Amino acid sequence: ENSMQKTSTCSSVNPCGVFVSPYALNLSSFTKLIKRLQERHPEFSKQEIVEAVQELRKNNKGVLSGLAISSIEEKTSAIL
């Protein structure tokens, strides 16, 4: 009975309770990209930068894989 009451945790939330996009498959690269964009555009919040990256992904048929980090950075900067 006890085992039936257990529920799995949402895979989109890490143990610290921070939302992790299921589309950010390589979190390390994503984190580096966001950090680089924050350094380049200190006038924008992290949330605004993440939203710009998400918009770029949407504009690129839902994927960013295959694009160089520098290209993603340039295209995101254009959106910002």
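Q: How many helices and how many strands are there in the protein?
A: This is a predicted model. Its elements run α-α-α-α from the N terminus on. The count is four helices and zero strands.

Q: What percentage of the residues of the protein count as buried?
A: The cut-off for buried is under 20% relative accessible area. The protein has 80 residues. The share that counts as buried is 22%.

Q: Which helix gives the most to the largest nonpolar core?
A: This core has nine residues: Leu33, Ile34, Leu37, Ile49, Val50, Val53, Leu56, Leu64 and Ile72. Helix H2 (27-40) and helix H3 (46-59) are the elements that give two or more residues to it. With four residues, the top contributor is H3.

Q: Which residues does leucine 33 touch, not counting residues up to four places away in sequence?
A: Leu33 belongs to the largest nonpolar core. So do Val53 and Ile72, two of its partners. Leucine 33 touches Val53, Ile69, Ile72 and Glu73.

Q: Which residues in H4 meet H2?
A: The axes of H2 and helix H4 (residues 69-79) come within 10 Å. From H2, the residues involved are Ser29, Leu33, Arg36, Leu37 and Arg40. In H4 they meet Ile69, Ile72, Glu73, Glu74, Thr76 and Ser77.

Q: Is H2 parallel, perpendicular or oblique to H4?
A: H2 passes H4 in a right-handed crossing. Their axes cross at roughly 45°. Angles under 35 degrees count as roughly parallel, and 65 to 115 as roughly perpendicular. The angle fits neither range, so H2 is to H4 oblique.

Note on methods
Residues are numbered from 1 along each chain as its sequence is written. This is a predicted model: local features need pLDDT of at least 70, side-chain atom pairs count only at pLDDT 80 or more; totals for chains, interfaces and linings use all residues. Side-chain values use heavy atoms; hydrogens and water are left out. Buried means under 20% relative accessible area, exposed over 50%, partly exposed in between (1.4 Å probe, protein chains only). A nonpolar core is a set of buried Ala, Val, Leu, Ile, Met, Phe, Trp, Tyr and Cys residues joined through side-chain atoms within 4.5 Å. Contact means heavy atoms within 4.5 Å. Axes are lines fitted to C-alpha atoms, for helices over the stretch in contact, and angles run from 0 to 180 degrees between N-to-C directions. Angles under 35 degrees count as roughly parallel, over 145 as roughly antiparallel, 65 to 115 as roughly perpendicular and the rest as oblique. A crossing is left-handed if the near helix is turned anticlockwise from the far one by less than a right angle, and right-handed if clockwise.
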